[in-house]
Amino acid sequence: MVRENYDIVIVGFSIAGSIAAKFAVENNASVLVLEAKSDIGENTIKSYQGLQNLLTKENVLEYFKKMGINIKPQREYNCCKIYFPPNIMTEIAFKRPIGYSIVRGNKVNSIDNLLAYQAINSGADVIYKSRFINFDGRKKIIFKHNNKIKKVRAKIIIGADGVNSRVAKLSGLANEPLVKAIGFGYHFTKVTDIDSGKVEGFLGQNIAPGEYAYIVPYKNEATIVTTLRPHMMRNGMKIKDYYKNFIKLPIVQKKLKFAKKLNVVSGTVSVKPLKSIVKDNIILVGDAARLTEPLLGFGIKNAILSGKIAGKTASRIINEDKLTGKDLEKNIISYEKEIKSILFKDLKKRLKFRKVYETINDHEMGDLIQLAKELTAGIDLNKMFETRETKSIKIKALKVLKDPYKIRLFLKYFLPAIRANYSFRN
Ligand SMILES: Cc1cc2nc3c(=O)[nH]c(=O)nc-3n(C[C@H](O)[C@H](O)[C@H](O)COP(=O)(O)OP(=O)(O)OC[C@H]3O[C@@H](n4cnc5c(N)ncnc54)[C@H](O)[C@@H]3O)c2cc1C
């Protein structure tokens with residue numbers, strides 16, 4: 001039975017919303033979650049998504065386990081192939097997994113189901129087909145449920161409603177334009193010529209301007225997608241045209257000879273976090289706060305992390321009754337401070353490198369991949385990203401690179417890339 005008053009109302013029941021609900025309820029707050037769709041994961045892309053492990057100090061699954069979140073990935077990936085079509089390819093093998101594939105959507109084994117069940121089992125109330133419409137003063141929320149306008153009171157409101165967050169817009173927190181990348185592709189079955197342990201990335205202005213196209217395989221299935229920065233599309237081109245270019249590559253065509261489409265995979269990711277993610281009694285989490293990692297577009301990890309911190313902070317504020325004036329201000333801003341101290345330094349570094357990445361032309365890109373092949377041979381890249389051994393690659397590079405053009409490429413692009421990734425935490 002849904003009540004008229006809750007300690008916390010959360011808008012959006014995907015990754016960030018379900019985690020925030022779980023942690024808030026476990027800390028004794030009453031929680032209502034409003035979800036616009038009619039079921040768990042209904043609106044989520046039904047595909048594999050990656051949990052990246054390469055750029056993290058601690059194994060990402062262990063990290064979540066300590067938070068009480070036991071994610072069972074479908075498989076791990078220890079190797080990636082990077083192509084610059086038509087004929088440059090480098091294959092990089094790692095000693096520990098660079099990532100895991102997890103199922104999104106409403107299948108029994110999806111991460112969406114796992115996290116939603118945890119939130120509901122903890123005692124959160126969830127109502128589907130409930131679209132947040134607006135605020136009515138600071139403590140009431142107007143939403144539409146089954147075509148009827150309803151209201152609910154909340155002491156704290158958590159916006160977990162994704163990259164185009166209405167909570168962020170109407171609270172005034174999303175006044176900055178959304179700096180975004182877009183993705184389009186399909187999840188296929190009956191894919192051939194794929195190696196289950198290897199993810200494949202494809203670069204170049206013809207298929208993925210400013211971004212990358214990718215293949216995430218599992219058995220005979222694969223998610224095959226291209227992503228790009230809209231402002232870098234050539235005149236008259238649409239993302240579907242870039243996708244056509246991508247799947248026309250002989251190496252991709254070969255894989256799709258007998259393939260059948262299962263689901264469309266498309267959407268938007270933000271590239272730049274919001275400046276402020278709290279205001280009055282409102283907290284933003286996950287994609288609503290635009291916390292996606294700016295280089296590769298991974299958002300799940302930060303959605304989980306921010307959801308947890310938001311759930312804990314909001315319930316603490318309720319328990320300590322710090323709900324008015326300066327007390328509220330000081331305590332609600334502690335969420336933003338914690339997120340900024342954990343994530344922002346690295347997000348900013350990556351954002352800086354993204355700007356450099358977007359200036360690489362196709363000619364340089366091919367040379368860079370070739371260079372990566374030469375330079376990474378015999379180096380444990382996991383170690384490189386984790387420790388000061390980043391220096392070793394610089395020393396090696398400057399020793400072996402006699403050609404001033406290669407040295408320029410290395411210093412301008414390759415080194416900032418390593419630096420951008422070097423200190424990625426958590
Ligand atoms: C093509 C593509 C591929 C991706 N691949 C990866 C990947 O491999 N790895 C990775 O880590 N990340 C990936 N991401 C990003 C990842 O999907 C997101 O970061 C993640 O889903 C964010 O979770 P969230 O809970 O913050 O928001 P969302 O998952 O966007 O959830 C928002 C929820 O809010 C609900 N909602 C929206 N508006 C309202 C409203 N007004 N009222 C009520 N409910 C509302 C929605 O229905 C939805 O359930 C990808 C994204 C795209 C587009």
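Modeller: Let's start with a cut-off. A residue counts as buried if 20 or more other C-beta atoms lie within 10 Å of its own, as exposed if 12 or fewer do, and as partly exposed in between. Keep in mind that this is a predicted model.

Biologist: Okay, let me try it. Why is Lys129 called partly exposed?

Modeller: Lys129 has 15 C-beta neighbours inside 10 Å. That count falls between the limits of 12 and 20, so partly exposed is the right label. You'll find Lys129 in the loop between strand E8 (125-127) and strand E9 (130-136).

Biologist: And what makes the backbone of Lys129 worth a look?

Modeller: Its phi is positive, about 50°, although Lys129 is not a glycine. Most residues other than glycine have a negative phi.

Biologist: What about Asp321: why is that one called exposed?

Modeller: Same test. Asp321 has 9 C-beta neighbours inside 10 Å, and the limit for exposed is 12 or fewer, so exposed it is. Asp321 sits in the loop between helix H7 (300-319) and helix H8 (325-357). Asp321 also takes a positive phi, about 55°, just after H7, and it is not a glycine either.

Biologist: Now Ala289. How do you know whether it is buried or exposed?

Modeller: Count again: 31 other C-beta atoms lie within 10 Å of Ala289. Buried needs 20 or more, so Ala289 is buried. Ala289 belongs to the loop between strand E18 (282-284) and H7. Leaving out residues up to four places away in sequence, Ala289 touches Pro273, Leu274, Ile277, Leu284 and Ser306. Its C-alpha atom is 9.3 Å from that of Ser270, 19 residues away along the chain.

Biologist: How do you know that the length of H7 agrees with what a helix should span?

Modeller: H7 has 20 residues, and at 1.5 Å a residue it should span 28 Å. The end C-alpha atoms are 28 Å apart, so the two values agree. You can do this for helix H1 (15-26) too: its 12 residues reach 17 Å from first C-alpha to last, close to the expected 16 Å.

Biologist: Why are H1 and H7 both described as mostly covered?

Modeller: In H1, 11 of the 12 residues are buried, and in H7 it is 16 of 20. The buried ones in H1 include Ile15, Ile19, Ala20 and Phe23. They pack against strand E1 (5-11), strand E2 (31-34), helix H3 (111-122), strand E11 (148-159) and H7. Just after H1, Asn28 takes a positive phi of about 75°.

Biologist: What makes a group of residues a nonpolar core?

Modeller: They must be buried nonpolar residues joined through C-beta atoms within 7 Å. The largest one here has 97 residues, and Ile8, Val9, Ala20, Val31, Ile158, Ile283 and Val285 touch the most other members. This core draws at least three residues from each of domain 1 (5-47 + 104-178 + 274-348) and domain 2 (181-270). A second, separate core of 6 residues includes Leu368, Leu371, Ala397 and Tyr413. In soluble globular proteins, nonpolar side chains tend to be buried together.

Biologist: Which residues does Val9 touch?

Modeller: Not counting residues up to four places away in sequence, Val9 touches Leu32, Leu34, Ile141, Val152, Ala154 and Ile157.

Biologist: How do you know where the ligand lies relative to domain 1 and domain 2?

Modeller: Both domains give residues to the shell around the ligand, so the ligand lies between them. There are 38 residues around the ligand, and Gly12, Gly162, Gly267, Gly286 and Gly299 come nearest. Strand E16 (260-270) gives the most to this shell, with 5 residues. By class, the shell has 16 nonpolar, 16 polar and 6 charged residues.

Biologist: How far apart are the C-alpha centres of domain 1 and domain 2?

Modeller: They lie 31 Å apart. The contact takes 10 residues from domain 1 and 10 from domain 2.

Biologist: Last one: why is the bond from Pro85 to Pro86 called cis?

Modeller: Look at omega: it is near 5° for that peptide bond, and the bond is cis. Most peptide bonds are trans. Pro86 is in the loop between strand E5 (79-84) and strand E6 (88-93).

Definitions and conventions
Residues are numbered from 1 along each chain as its sequence is written. This is a predicted model: local features need pLDDT of at least 70, side-chain atom pairs count only at pLDDT 80 or more; totals for chains, interfaces and linings use all residues. A residue is near a molecule or strand if its C-beta atom, placed from the backbone, lies within 6 Å of it. Helices (H or I, at least four residues) and strands (E, at least two) are DSSP runs, numbered from the N terminus. Ala, Val, Leu, Ile, Met, Phe, Trp, Tyr, Cys and Pro count as nonpolar, Asp, Glu, Lys and Arg as charged, and the others, Gly among them, as polar. Domain bounds come from an automatic or database domain assignment. Two residues are in contact if their C-beta atoms, placed from the backbone, lie within 7 Å. The expected span of a helix is 1.5 Å times one less than its number of residues.
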